[in-house]
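Colleague: I am new to this structure and would like to hear how its descriptions are justified. Could you take me through the reasoning step by step?

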Amino acid sequence: MDENRGIFQDSTRASLTLLYNISRELASITDLRTTLARVLLLAVQTVGAERGSLVVLDALAQPVDAALVYKGKVLPHTFEQLQDILEKGLAGQVYRRREAVLVRDTRHDSRWLLRPDDAEEQSGAKSAICVPVLEKDLLLGVLTIVHPTPGIFTEEHLALVQAVADLAAIAVRNAQLYDSLNEARRRYMELFEDSVDPIFITDWTGHIVEANRQAEKVTGYSRAELRLLRVYDLHPPASEKSTAQYTEQVRKARPGEVLSYESRLVAKNGRMTDVQMHVRQVNFEAQHNLQWFARDISERKHFEALQEDLSSMIYHDLRSPLSNVFSSLEMLENLLPKDANPALNQVVNIALRSTERVQRLINSLLDIRRLEAGQPIARPRQVEASRLFDEVVAFIQPALKNKEQHLVLEFDGGDGQTTFQDFPPVWVDGDMIRRVLVNLLENAGKFTAEGGTLYAGARLRKDDILFWVRDTGAGIAPEIQEKIFDKFVSVQTGNTGHLPSMPKGLGLGLAFCRLAVQAHGGKIWVESQLGAGSTFFFTLPTNSAPVES
């Protein structure tokens, strides 16, 4: 009895020693292949086994690595060997069922796949243990231990090998995570170094802690020199106050959110490059830092300068001769005798309207450029709202007459008695707001069928006047209702029965309308339903002073 107790105590002590040694060694190993080899060697040596295998699986349960040990030596292996281990015999059953298996004598267990060396004249019968390597419900691999003597393995050995497998699961998972982290870092550094844009990593005070090759190339500073600078030294903000404000804005940004602004990157030799700075929060080298991308926008700036030149050319080279053409056509219209051929009068009228249209387009282009640059309204003055409407309706009537369309005007003074003539004046650039109304009414006429009806009107409110123009066309889909106010966007709606589809154009009319209304301190929007037409609304304040830009 005492002898058996001593054997059990020795066995328990050996098991605890094995588990302790394995956990101690694995605590300092992060390389997966080294982890596998050490786990397997310690397990095989402790139970006196002849050979063993530890196969590791990926997330799709496919073999990705392994350790094979025979008589104390780690053997090389191929992918085909690993597939063979998992597809056949004992390891295959454990792989599929995720249950540990103890084979006391391989001669009498059908789960053991007999191999040539199992013959009596070779190494003969054996005993084996095979257990799944599990981390929670995730199968990470299969551990197999084989002893050359049948019947030597017991339930205690099985429990010991399973405990080894549990330790191996933790170690393998840690090694996989470490490898994944290193791989992610390697990919990040490749992208970081190979980026065509200069990239800077800074702390929250703007001091540079890392920069890529392109940053060195563009700035002319070495990395050692860049680490002595702040990112603001390379693109100075307007003031230290603005630096602090911008850093605070980045600090409050949501994770993953990128903040952008235009600036100039100053090189070591003083050369300046127009850039779009993009900044976001990142974790770099276990630190919470900022990442700055400096995208070169010199070509875009050059293109914008060309656009400015084009606008100037339009203003100087087209506007003046076009005004002469318009004046000449008006003179010609006045000189035509009353009994002139009606067709001749019609031709002159068409030419006059087309010339007026081109003039409005040129004026809209110039106004868009000026308003986008933040310039104030050029000629604000008090204008009677009713007079604006009267002038626009008179201008639009010929076009409506050609399509036999009707315009219905609706006005609401808010008290049930005020007429439109009693509306207070608005402080506006009269020509600009007239063009807004003309654009909206012309669009409404385009989208309304011949013989249809258009609606326009105004409502006096507390601090402003609400204007609207409504058509009975095909309507505008919700997803594009905001886009139609963008410059150079021309949206085509689908045809609905007899309703005309939206004609093609430069997409400047509504863009001008939005800029013009906003520059006057108002708002503009559209409400529309497919098949039921669209209503464009805009407001103009009734204050008695121009809106400050």
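Modeller: In this predicted model, the buried residues of helix α3, which spans residues 79-87, are Leu82, Ile85 and Leu86.

Colleague: What makes these residues of α3 count as buried?

Modeller: The word buried is kept for residues with under 20% relative accessible area, and Leu82, Ile85 and Leu86 are the residues of α3 that are classed in this way.

Colleague: Why are they said to lie on the same side of α3?

Modeller: They cover an arc of only 90° around the axis, and therefore they sit on the same side of α3. In general, an α-helix has 3.6 residues a turn, so residues three or four places apart point the same way.

Colleague: What covers the buried residues of α3?

Modeller: The elements that cover them include β1 (51-57), β2 (63-70), α4 (89-97) and β6 (138-147).

Colleague: How do you know that β15 and β16 pair?

Modeller: Pairing requires at least two bridges between two strands, and six bridges join β15 (residues 453-460) to β16, with the strands running antiparallel; one of the partnerships links Arg459 with Leu466 in β16. With three residues between them, β15 and β16 form a hairpin.

Colleague: What makes β18 a partner of β16?

Modeller: Set against the requirement of at least two bridges, seven bridges join β16 to β18 (residues 534-541), again in an antiparallel arrangement. Here the bridge partner of Leu466 is Thr539 in β18.

Colleague: Why is β16 called mostly covered?

Modeller: Of the seven residues in β16 (residues 464-470), six are buried.

Technical notes:
Residues numbered from 1 in each chain as written. Predicted model: local features only at pLDDT ≥ 70, side-chain atom pairs only at ≥ 80, totals over all residues. Heavy atoms only, no water. Buried < 20%, exposed > 50% of the residue type's maximum accessible area, 1.4 Å probe, protein only. Helix = DSSP H or I, 4+ residues; strand = E, 2+ residues; numbered from the N terminus. Arc of directions from axis to C-beta. Contact = heavy atoms within 4.5 Å.
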